[in-house]
Amino acid sequence: MSKGHPQPAFVLVRPQMGENIGAAARAMWNFGLDRMRIVAPRDGWPNQRAVAMASGAGRLLDEAMLVDDTAAALEDCHYVFATTARMRGMTKPVYTPEEAMRVAAQKISNGEKVAVLFGPERAGLENDDIAKANAIINVPVNPEFASLNLGQCVLLTAYEWQRNHVDVAPVRDEMAGTVVAEQIEIEKLAEHYEQRLGDAGFYYPEGKAESMKLNLRNMWSRLPLTRADVQMLHGVMRQMVRWKERG
C-alpha cells in the first residue's frame, strides 16, 4: 500500500465499465480513501470514461495499482474482505459493512494491511475470488433485487470506514449565524406574550388563567429557541398588536 494515513485497499476485480471505476474513485475520495487496485479491467487501462467520471478524484486512478489477477492484488495483504450481496455457502465469518470496517480499522491500527474485494458489475465476485478472502462482507439488500452497482457498494463501504475511523458527531446543530437564546431572553419573551395575551382576554375562564400561563411557560422552555427565533417572535406579537390597534 502507498504512503499516507493507514487505510484499507479497495480492489476492483474485473470491473466492466470505465464509468463505474470512476464512480468508485469518487466514492473512495469522498471519504478520504485513495488506495485503489484494479484487476484486469474489461475495457483496458487507462480508461478515459473512468477519468471523466472520477472528476476531482482522478489522482486515485493515476496512482491505482493495475494487476492481472486477484492473487497479485492481494500479495502484501494480511487480511481480506470480499463483498457480496448473496451468500455463497462458504465457511467464513460474515460481517455487516459497519462491523467489517470496525475490524479493518482495528487490524490496520495493529500494523496489518487490509484489502476489500469488489466484484464486477454483472454478477459480482466469483467463488474463486471469494475463496481468497478471510471474511465476507454481506450487504443487507432487498433479496428480490440484490444487485448493487459497483460505485454504490464502494460508497457504502467507504462511508462505514469513515464512521469507524473518524469521530463524527451523530447529531449537531447548525446555528446559521445565530446562537442559542439565553434564559433571560426566554423569560422576557414569555412575559411579553403573557402580557399581550392577557390584554386580549386570552386567559378565560379566569379560574384557569394560572394553569394556562404555566402551560405557556412550559412550552417556551421546551422549545430549542435561538436568539433570532426570540427576536422574530417578539416582532410577530408587536405586529399583531399594531394591526389590532389600527383596526
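This is a short tour of a predicted model, from its core out to one helix.

**Stop 1: the core.** Start with the largest nonpolar core, which has 37 residues. Select Phe10, Leu12, Met36, Phe81, Phe118 and Val154. These six touch the most other members of the core. Now select residues 97-109. This is helix α5, and it gives the most to this core, with six residues.

**Stop 2: phenylalanine 118.** Stay in the core and centre on Phe118. What does phenylalanine 118 touch, leaving out residues up to four places away in sequence? Show Phe10, Val11, Leu12 and Val13. Add Thr83 and Leu125. Then add Leu150, Cys153, Val154 and Thr157 to complete the list.

**Stop 3: helix α10.** Move to residues 227-246, which make up helix α10. Two residues are worth a click here: histidine 234 and valine 236.

**Stop 4: histidine 234.** Is histidine 234 buried or exposed? Its relative accessible area is 15%, and buried means under 20%, so histidine 234 is buried. Next, show the side chain of histidine 192. A polar contact of 2.7 Å joins the side chains of histidine 234 and histidine 192. Add Lys188 and Leu189 to the view. Histidine 234 is in contact with both, and with His192, when neighbours within four places in sequence are set aside.

**Stop 5: valine 236.** Valine 236 has 41% relative accessibility, between the 20% and 50% cut-offs, so it counts as partly exposed. Now select Met232, Met240 and Trp243 along with Val236. Together they form a nonpolar patch on the surface. Their combined accessible area is about 450 Å².

Key. Residues numbered from 1 in each chain as written. Predicted model: local features only at pLDDT ≥ 70, side-chain atom pairs only at ≥ 80, totals over all residues. Heavy atoms only, no water. Patch = residues over 30% accessible without salt bridge, like charges linked within 9 Å, V, L, I, M, F, W, Y side chains within 5 Å. Areas by Shrake-Rupley, 256 points an atom, 1.4 Å probe, with all protein chains shown as cover. Salt bridge = Lys/Arg side-chain N within 4 Å of Asp/Glu carboxyl O. Helix = DSSP H or I, 4+ residues; strand = E, 2+ residues; numbered from the N terminus. Buried < 20%, exposed > 50% of the residue type's maximum accessible area, 1.4 Å probe, protein only. Core = buried A, V, L, I, M, F, W, Y, C linked by side-chain atoms within 4.5 Å. Contact = heavy atoms within 4.5 Å. Polar contact = N/O pair within 3.5 Å; in protein donor to acceptor, adjacent residues only side chain to side chain.
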